[in-house]
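Me: I'm new to looking at protein models. Could you walk me through how to read one?

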Amino acid sequence: MQLNNSAREAFVASAGPNTRFTSLSILLGPSCSTKRGRQLLKQWLEGPCIDSVVLNERHDTVSAVISAVSEEKAILWKLSSLFQHFQSYERELSVFTTAHVVDNFTDTKLSLSDFNDLLKWLRKFQALVKTCIEDAEISSELGNLYSTRLGPILLLCTRDLEPFCAVIPDVLSSMVKTSNAREIDSDNEMRASTSHLHELRYQISQCEVEVTAAVKQAATLLSIAEDRIKVIYADDDQSTIARMGIVLRVPRQDSHRIQQQSGKSLSVIRASRASGVWFSTPMVDSLGAKWKSLKRNYEAAEADLVDFLTSMFRSQYRDFLDELSLRVAELDVLASFALVSHKHRFVRASIADNRSVFSLRGLFDPFAQNSSIASKKSCDEVTIEMSGDDKKTFLLVKGDPKAGDTKLLQLLGIATMLNQLGCFVPCKTAVLPVFDAMYLRTGAYDQQLFGYSTFMTEMREMSHIFSAMTLKSLVLIEDLCRGTSTSEGLALALSMCLHVMESNTLTCFSSQWRELTDQLAKQSVCVTPTWRHNRKKDSRNSNALQAEFETLMRNCDLPPDLIALISQEIQTLK
């Protein structure tokens with residue numbers, strides 16, 4: 001569903017300077033367990049679904065999760081464990097699922113341990129999905145959840161990603177195998193030899209054994225205990241000793257022993273009070289060069305294995321892992337819809353086959369405090385009925401803030417957005433069509449950067465709505481032409497509303513301009529909200545109302561003498 005800028009700022013983005021509405025991301029976002037789920041929710045908010053088949057599938061899933069929540073089924077806690085396991089590895093998983101990072105895998109410095117961690121995560125994730133599907137409490141309400149959500153996720157794990165999971169242990173076994181190691185090739189080219197990797201590992205371990213013997217020899221030469229000599233294996237970050245490979249170190253207390261033998265059987269490399277004395281012997285120098293050469297060869301062989309796994313993953317299995325991540329995110333978002341709907345007592349809207357019916361009964365504000373309790377009392381207050389077949393396409397809201405009319409425009413947009421996200425809606429019963437676009441015109445602001453006044457900005461917004469709206473669109477307008485003269489503004493607003501009526505597009509128009517609403521109410525296509533309970537009349541006397549008005553003026557920081565003058569003028573007019 002297409003949204004104009006005003007609708008996107010009102011219902012998708014966080015509260016901005018030009019909107020008084022509350023974003024749906026504030027309502028739905030906190031219930032998402034995973035970062036990928038919150039990202040997907042943002043995508044859905046920016047482009048709600050217009051496919052009725054997909055919407056029905058989402059509604060079925062939300063209904064299944066709500067039934068599990070209501071009956072306290074074990075599947076709910078198993079889904080929670082599934083999301084927690086996904087969230088715990090989400091940062092590392094992004095290295096494999098994000099196309100930009102995988103395409104530039106040389107910058108990510110992947111290692112065999114990364115693939116080993118991926119294997120462990122997939123194994124446990126697969127076990128958790130099986131636990132959810134093998135639940136003994138399967139019922140007809142949960143059938144959709146198993147068939148359309150959990151089933152495809154398990155199939156991705158057991159059928160599509162299983163071959164790659166089988167390759168990883170074979171490659172990792174080269175780290176510990178002692179015989180019968182097989183070679184790995186790709187596209188008839190030798191990519192890595194596991195037996196060669198094992199041989200290098202074995203030679204490194206033998207070199208380290210020889211280093212231990214060299215340490216014993218140095219301890220005998222210096223007449224100190226063997227445990228007082230520490231072996232330091234240099235890496236590339238230690239540039240001063242990287243070229244040597246291996247050096248020995250003794251504490252500062254034994255520095256005099258090094259000085260006695262210096263230049264004869266050993267050479268001093270560095271000495272400091274903090275780290276002691278670093279030295280080497282001819283035998284250690286020889287072993288250091290050998291160890292460093294073997295280490296480089298081992299790292300090169302390991303890099304070949306990583307290249308092989310990365311190339312295989314990119315060409316054959318990356319799309320499957322992306323789909324797995326997407327399906328888990330979808331399930332997470334739909335579960336959050338279910339939790340919000342259950343908490344606030346939303347209901348499932350029936351999707352109309354065409355645009356002939358738009359019905360909302362018992363609409364309430366989901367952002368109000370304790371809305372789950374308040375909805376019981378307010379669910380029968382207001383009914384909105386529009387029909388394209390009966391030519392009742394224009395909903396007129398007179399904008400009385402004391403009666404709650406100013407909320408209806410916002411609530412209509414919220415209900416439409418929630419329905420086309422796949423969530424339930426805040427009312428008692430609902431029948432809604434699938435709209436291809438929603439256009440909102442609200443607020444009064446200028447665009448000084450482009451030289452547009454408040455009136456010009458409003459006219460440009462309405463021009464865009466007129467050119468883009470279709471028979472399947474929903475138009476929401478909050479007041480018109482209040483920034484110009486009364487007569488011209490009334491003529492402009494009335495003409496624009498009549499033009500929208502002639503287009504037969506479902507429209508909700510809210511205004512406190514009495515002359516305008518009286519003219520629009522005479523049109524045959526116009527309908528008004530029906531309040532089931534009588535609106536409570538204000539029983540306060542005129543003195544109480546005047547005192548309340550004076551309090552409001554004082555809260556606006558008006559001068560006391562001006563407030564007194566305003567009160568006098570009000571009494572004169574009465």
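**Reading the model step by step**

Reply: Sure! The protein chain has 21 helices and 17 strands. Keep in mind that this is a predicted model.

Me: How many residues are there in the protein chain, and what share of them count as buried?

Reply: There are 574 residues, and 46% of them count as buried. You can also look at contacts along the chain: taking those between residues at least 6 apart in sequence, 73% join residues at least 24 apart.

Me: Now sheets. In what order do the strands of the four-stranded open sheet come?

Reply: Read across the sheet, not along the sequence. Here the order is 4-5-7-6, with antiparallel pairing. To find the edges, look for strands that pair on one side only: those are strand 4 (230–233) and strand 6 (267–272). On average, neighbouring strands in this sheet are turned by 30° against each other, direction ignored.

Me: Which helix packs on that sheet?

Reply: That's helix 14, which touches strand 4, strand 5 and strand 7 (276–280). Its direction makes about 135° with that of strand 5.

Me: And how many bridges join strand 4 to strand 5?

Reply: Four bridges, with the two strands running antiparallel; strand 5 covers residues 246–250. For one pair to click on, try K230, whose bridge partner in strand 5 is R249.

Me: What does the sheet with parallel pairing look like?

Reply: Read that one across too. It is an open sheet of six strands in the order 1-13-14-15-11-16. Its edge strands are strand 1 (2–3) and strand 16 (526–527), each pairing on one side only. Strand 11 (residues 394–397) pairs with strand 16 in the parallel sense over two bridges, and L395 has V527 as its bridge partner in strand 16. Helix 19 (residues 514–521) lies across strand 11, strand 15 (506–510) and strand 16, at about 145° to strand 11.

Me: Let's zoom in on a single residue. Where does D332 sit, in terms of helices?

Reply: D332 is in helix 14, which spans residues 282–344.

Me: Is D332 buried or exposed?

Reply: D332 is buried, yet it has no salt bridge. A salt bridge needs the charged atoms within 4 Å, so check the distance: the nearest side chain of opposite charge, R38, is 6.2 Å away.

Me: Which side chain does D332 make a polar contact with, then?

Reply: Its partner is T34, at 2.7 Å between the side chains. Leaving out residues up to four places away in sequence, D332 touches C32, S33, T34, G37 and F83.

Key:
Residues are numbered from 1 along each chain as its sequence is written. This is a predicted model: local features need pLDDT of at least 70, side-chain atom pairs count only at pLDDT 80 or more; totals for chains, interfaces and linings use all residues. Side-chain values use heavy atoms; hydrogens and water are left out. Buried means under 20% relative accessible area, exposed over 50%, partly exposed in between (1.4 Å probe, protein chains only). Lys and Arg count as positive and Asp and Glu as negative; His and the chain ends are not counted. A polar contact is a pair of N or O atoms within 3.5 Å; within protein, one must be able to donate a hydrogen and the other to accept it, and residues adjacent in sequence count only if both atoms are side-chain atoms. Contact means heavy atoms within 4.5 Å. Two strands pair if DSSP finds at least two bridges between them. Axes are lines fitted to C-alpha atoms, for helices over the stretch in contact, and angles run from 0 to 180 degrees between N-to-C directions.
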